[in-house]
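Got the viewer open? Let's take a walk through this one, stop by stop.

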Amino acid sequence: MCGIVGYLGSSQAVPYLVSELKCLEYRGYDSAGVAVIEEGKLRILKAAGKLSNLESLLQSAPSGGTIGIGHTRWATHGAPTDLNAHPHTDEDGIIAVVHNGIIENYTDLKDELIAAGCKFSSDTDTEVVAHLVARNYKSGKSMLQSVIEAVRRLKGIYALGIVNVKHPGEIYAVNHHYSLTVGIGDNECFLASDSLAYRQYTNQMIRLEQSEVAVMSTSGIKLFSFDGTESVRTPISSDTFQFVADKAGFKHYLHKEIHEQPNVLRQTLSAYMSDVNLPVALRKSEAVAKNGIPTAGIALSNGQIKGLERIQILACGTAYHAGLIGKYIIEELAGIPVDVEIASECRGRKLLVNDRTLTIAVSQSGETADTLAALKEAGELGSFTLGITNRADSHLAHLTNNLIFTKCGIEVSVAATKTYVAQLISFYLLGIFLAEERGSLPAKQALELKKSLMLIPTLQEQVLATEDAVKDAAIHYKNAQDMVFVGRGFNYPTALEGALKLKELSYIHASGYAAGELKHGPIAVLDEQVPVITVVVPGIVYDKTLSNAQEAKARNAQMIAVAVEGDKAVARIFETVLNIPPVQEFLSPLLTVIPLQLFSYFIAEALGKDVDQPRNLAKSVTVE
Ligand code: F6R
């Protein structure tokens, strides 16, 4: 949440800051701002709303300064106004600060600073940092000492970018249990909370460790711990993907990313299962570990895998829904009991894990604070840990040695689509891998399953080819005030995901339920105004799901199904059917989610919503 950027070199800073901010707008987009040091003064420009508002301001008031910091905000403390946008300064305009995270003790610090005569001009927690650093500096301390003494007083987890007008050749970067990187170019350097922001300018980078300050200047980067000890680290070269702003002819990234799903699955499958006759290739090869960049694979020994008594999956939002399906897959294939937890619900609770537990964190961004904190705690309590993420350079990828990378490329649209199906395919592969290691899946069955998985991308293409019919349905139902999504078994999480996609994209209220739960309460909301979307595919829960659908129909709900094409029983009950090709129930979540993604997309588009950047959201949720 929130994006920090910085530039220091011999060129004008503003174009670099804007280009970095554009790459980080996914982290929050309710306001943005820059601070540039120019002719011995701090020049600060900020604007509420999208980055384009700031760009217009910058165009009307160009700046020649060659050093600056910038920020794109997702509001936590204080409304998204011009005043609360970062950077924040002390009252004399000496220090400017941009900040990610939360300063938990800011009210105490603010009271103390006000009592000492400081004048505050925003409602943010960030502003205390500018005043603290300025007071230290004005009392005669060096800038480094001023920063270190200020951050030692802060509680919470955070990252900061700080400039001092009296030090026009330096940027101070601070990381405290957050993510912050410094990019090193030719006589220039960059600051960013995600190295994606400057990847087009350099692939040489230093990732700040926990509780570390970097002093950036054109003569180099100096690193200090919070006790002032200097350390030296060689930059690593990062060859992970660049941000490419290309909609490939689609109107929205979301629509493009939905259509990328077959190829995303092909890439993840070919990375870990190039030959169906061989075991799933998830074992870690030490030979590939290089250059400080985390590598994919599982380093647990066969004995450790055989000894696992329990798996716990931690995730948030869409990744949590993938985890719910992961539970069914792993229990079915590997016979290990699995619990799935909303990561934020693990905080402040006794986690019952030990050295026979594997804790799996699922996070597209690899930066979700709740998920990272819960994984860390489980690891400290003795559990094995594993991460499933789309970002090999993320915080999560540095927290555990057992990693599965989904091969999606950058997901630009805030709503997760392609990374969700890639997380699902990762669970299928992990389930087979664990089963092969534990000997719990007969070889013939494993082979059949792998062959079926290989066919999924083509089946997904068939689903995508039906999108005109999904669009017609979306336009027909777009004025509903509430919608209910139901499914059973493997498609209960699909129903939850369908409801989440509709809410976040169209702002229509939607709830997802296990179909069998309707009669235990939610059925009370049904009448002729409410569309009920039922996910029903032939298999163990098919008949019972159809019975649950009949219960909704008897309450005059508008009936929509996601079902296999040509299903006569479905045609008799539902007025609208979104078709998928025949597929086994066990693999069906890889297909059934697609009509739901398209349905939400077309409704949002028809209602004129901001499809790629829905209101109030951010792609990377880095506050707890
Ligand atoms: C929904 C969505 C969110 C994320 C959640 C976790 O479309 O994108 O619900 O799934 O914020 O994010 P990651 O996967 O980055 O941990």
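Before the first stop, one definition: a residue counts as near a molecule if one of its heavy atoms lies within 4 Å of it. Keep in mind, too, that this is a predicted model.

**Stop 1: the ligand and its shell**

Select the ligand and show what is around it. You should find 14 residues surrounding the ligand, and the closest are Ser 363, Gln 364, Ser 365, Thr 368 and Glu 504. By type, the shell splits into six nonpolar, six polar and two charged residues.

Now colour helix H9 (317-334) and helix H15 (492-506): each of these supplies at least two residues of the shell. The largest share, three residues, comes from H9.

**Stop 2: polar contacts of the ligand**

Zoom in on the oxygen atoms of the ligand. Which distances should you look for?

- Pick Glu 504: an N or O atom in the Glu 504 side chain is 2.5 Å from an oxygen atom of the ligand.
- Go to Gln 364 and show its backbone: a polar backbone atom there is 2.7 Å from an oxygen atom of the ligand.
- Then choose Lys 501, where an N or O atom of the side chain lies 3.0 Å from an oxygen atom of the ligand.

How much of the ligand does the protein bury? Taken alone, the ligand exposes 410 Å², and the protein buries 89% of that.

**Stop 3: the pocket**

Zoom out a little and switch on a surface. The ligand sits in the largest pocket, which has a volume of about 760 Å³. Its lining is made of 35 residues; select Cys 316, Gly 317, Thr 318, Ala 618 and Val 621 to see the ones nearest the pocket's centre.

Next, highlight H9, strand S18 (357-363), helix H10 (369-380), helix H12 (418-438) and H15, the elements that give two or more residues to this lining. Which element gives the most? That's H9, with five residues. Sorted by type, the lining has 18 nonpolar, twelve polar and five charged residues.

**Stop 4: two backbone details**

Leave the pocket and select His 86 and Pro 87. A cis peptide bond joins this pair, with omega at about 5°. Pro 87 is in the loop between strand S4 (67-73) and strand S5 (88-89).

For the last selection, go to Glu 39, in the loop between strand S2 (31-38) and strand S3 (41-48). Check phi here: Glu 39 has a positive value, near 50°, in a residue other than glycine.

How values were computed: Residues are numbered from 1 along each chain as its sequence is written. This is a predicted model: local features need pLDDT of at least 70, side-chain atom pairs count only at pLDDT 80 or more; totals for chains, interfaces and linings use all residues. Side-chain values use heavy atoms; hydrogens and water are left out. A polar contact is a pair of N or O atoms within 3.5 Å; within protein, one must be able to donate a hydrogen and the other to accept it, and residues adjacent in sequence count only if both atoms are side-chain atoms. Accessible areas come from the Shrake-Rupley method with a 1.4 Å probe; for residues, only the protein chains shown count as cover. On a 1 Å grid over the protein atoms alone, a cavity is a set of points where a 1.4 Å probe fits but cannot get out, and a pocket is an open set with protein on both sides within 12 Å along at least five of seven lines; lining residues have an atom within 4 Å of a point. A molecule sits in a cavity or pocket if more than half of its atoms lie within 2 Å of its grid points. Helices (H or I, at least four residues) and strands (E, at least two) are DSSP runs, numbered from the N terminus. Ala, Val, Leu, Ile, Met, Phe, Trp, Tyr, Cys and Pro count as nonpolar, Asp, Glu, Lys and Arg as charged, and the others, Gly among them, as polar. Grid points are joined across faces, edges and corners, and a volume is the space filled by probe spheres set on the points.
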